[in-house]
Amino acid sequence: MKMRPLGQSGIEASVVGLGAWAIGGWMWGGADDRQSIAAIHRAIDLGMNLIDTAPMYGYGRSEEVIGQAIKDRRDKVVLATKCGLIKDREEGQFFFYADDYNITPGPGPYKIYRCLRPDSIRREIEESLRRLQTDYIDLYQTHWPDATTPVEDTMACLLKLKDQGKIRAIGTSNVTVPLLEGYRKLGPVDSTQEKFSMIDQEIVESGLVDYCRRNNIAVLAYSPLAQGLLTGKVPPEREFPEGDQRRTKPRFSRDNRLKIQTMLAEFQPFAEKYGLTLSQLVIAWTIAQPGITHALCGARTPEQVEENARAGDVTLDPRDVDQITAIVGRHRPNIQ
């Protein structure tokens with residue numbers, strides 16, 4: 001497994017990381033904790049040391065499962081979690097309604113707020129440390145921006161947590177270039193976690209990736225497989241269970257899946273050349289993109305982890321990367 005630095009933090013993290021959203025079950029139709037723990041152990045065994053989670057993933061369940069899994073191997077893990085989404089207080093900026101299974105279209109039992117106020121962050125990190133059964137977080141990230149809280153207040157709190165040894169590095173997520181610049185004027189930011197895949201390239205078009213390259217900021221790509229669409233394992237006829245967010249997303253319509261299937265078929269010669277599955281090829285292409293330093297890939301079973309991890313050992317010929325990019329460029333305008 002190849003390693004790359006998280007900005008200037010001095011932390012080396014696997015280029016393919018384990019994204020633990022699905023492990024929380026929420027929005028993914030549930031999860032089997034025993035399988036999830038087995039998946040985490042397999043990831044560590046394969047050198048996938050970067051594990052990314054958040055309190056919002058299953059309302060703490062993802063963190064709790066990870067805590068159980070790594071308590072006897074904490075030194076082998078680069079542990080990343082987040083702050084800034086809360087459901088137990090109406091503070092900050094209202095984000096969405098939710099229930100125990102998914103985001104709801106109208107009022108639900110929970111009101112989720114974006115909140116990056118210092119007192120809220122201090123409360124959140126103590127809860128995360130307890131659930132994760134550790135006394136420090138390697139990478140602590142702001143999950144979503146909170147327009148009601150000055151960046152100065154948020155960053156002052158994060159820097160204090162770093163001084164206290166509770167976190168080793170500061171990261172952001174879902175930000176713009178101006179917002180990231182605002183954070184960096186106040187202290188070091190080592191990473192930003194952003195949505196990026198073959199069919200989601202807005203962070204490139206906005207200039208965010210180029211900004212990060214110039215300023216030695218790691219870019220952690222989340223949803224690099226577009227929630228499974230780019231794995232080649234989500235045929236047009238597949239049905240998703242209740243509680244799985246993909247059940248009602250237009251992107252998972254039969255027509256859109258047919259378009260993606262057509263694009264993926266053009267990748268098959270490259271996959272065969274390197275002895276990879278389509279999923280592995282897509283991940284390898286992702287981490288070969290300029291400025292994309294790490295790819296966070298979800299997995300709920302050891303088998304899924306094994307497939308994802310293989311991509312972290314592969315180096316694609318730049319000419320093949322360019323040809324795959326050209327194929328993506330032809331198809332992407334027609335894909336949701």
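Is E266 buried, partly exposed or exposed? E266 is partly exposed, because its relative accessible area is 28%, and the buried class ends at under 20% while the exposed class starts at over 50%. This is a predicted model. The points below cover the loop that holds E266, four helices in detail, and several single residues.

**The loop between α8 and α9**

- E266 is found in the loop between α8 and α9.
- F267 has its place in the loop between α8 (254-265) and α9 (268-274).
- F267 counts as buried, because its relative accessibility is 0%. E266, in contrast, is partly exposed at 28%.
- Setting aside neighbours within four places in sequence, E266 is in contact with I327, R330 and H331.
- With the same neighbours left out, F267 is in contact with M198, L278, L281, I324, I327 and V328.
- I327 thus appears among the contacts of E266 and among those of F267.
- V328, a contact of F267, has its C-alpha 9.5 Å from that of E266, at a sequence separation of 62 residues.
- F267 and D146 are 121 residues apart along the chain, and 40 Å separates their C-alpha atoms.

**Helix α10**

- Helix α10 spans residues 278-287 and is mostly covered.
- How many of its residues are buried? The count is 10 of 10.
- The buried set includes the polar-named S279, Q280 and T286 as well as W285.
- L278 and L281 belong to the buried residues of α10, and both are contacts of F267.

**Helix α12**

- A326 lies in helix α12, residues 318-331.
- A326 is partly exposed, with a relative accessible area of 45%.
- A326 and L129 are 197 residues apart in sequence, and their C-alpha atoms are 44 Å apart in space.

**Helix α1**

- Helix α1 covers residues 33-45, 13 residues in total.
- From first C-alpha to last, α1 reaches 18 Å, close to the 18 Å expected at 1.5 Å a residue.
- Which residues of α1 are buried? They are S36, I37, A39, I40, A43 and I44.
- These buried residues sit on the same side of α1, because they cover an arc of only 160° around the axis.
- R34 and D45 are exposed, on the other side of α1.
- The packing partners of the buried residues are β3 (16-19), β4 (50-52), α2 (61-70) and α11 (302-310).

**The α3/α4 pair**

- Two packed helices are described by the angle between their axes and the distance between the axes.
- Helix α3 (residues 118-132) and helix α4 (residues 151-163) pack at about 35°, and their axes are 9 Å apart.
- The crossing of α3 and α4 is right-handed.
- From α3, the contact uses P118, I121, R122 and I125. From α4, it uses D153, T154, C157, L158 and L161.
- By class, the contact has 6 nonpolar, 1 polar and 2 charged residues.

**Positive phi outside glycine**

- Q133 has phi near 55°, a positive value in a residue other than glycine.
- Q133 lies in the loop between α3 and β9 (137-142).
- S223 also has a positive phi, near 55°, and is not a glycine.
- S223 is placed in the loop between β12 (218-222) and α8.
- Buried or partly exposed: which class does each residue fall in? Q133 counts as partly exposed at 42% relative accessibility. S223 is buried, with a relative accessible area of 15%.

**E194 in strand β11**

- E194 has its place in strand β11, residues 191-195.
- E194 is buried, because its relative accessible area of 4% is under 20%.
- Setting aside neighbours within four places in sequence, E194 is in contact with S173, N174, V175, I203, L208, L220, A221 and Y222.
- L220, A221 and Y222 are among these contacts, and strand β12 runs over residues 218-222.
- The C-alpha atoms of E194 and A295 are separated by 9.9 Å, with the two positions 101 residues apart along the chain.

Notes: Residues numbered from 1 in each chain as written. Predicted model: local features only at pLDDT ≥ 70, side-chain atom pairs only at ≥ 80, totals over all residues. Heavy atoms only, no water. Axes fitted to C-alpha atoms, helices over the stretch in contact; angles between N-to-C directions. Helix = DSSP H or I, 4+ residues; strand = E, 2+ residues; numbered from the N terminus. Left-handed = near helix turned anticlockwise from the far one by under 90°. Contact = heavy atoms within 4.5 Å. Nonpolar A, V, L, I, M, F, W, Y, C, P; charged D, E, K, R; others polar. Expected span 1.5 Å × (residues − 1). Buried < 20%, exposed > 50% of the residue type's maximum accessible area, 1.4 Å probe, protein only. Arc of directions from axis to C-beta.
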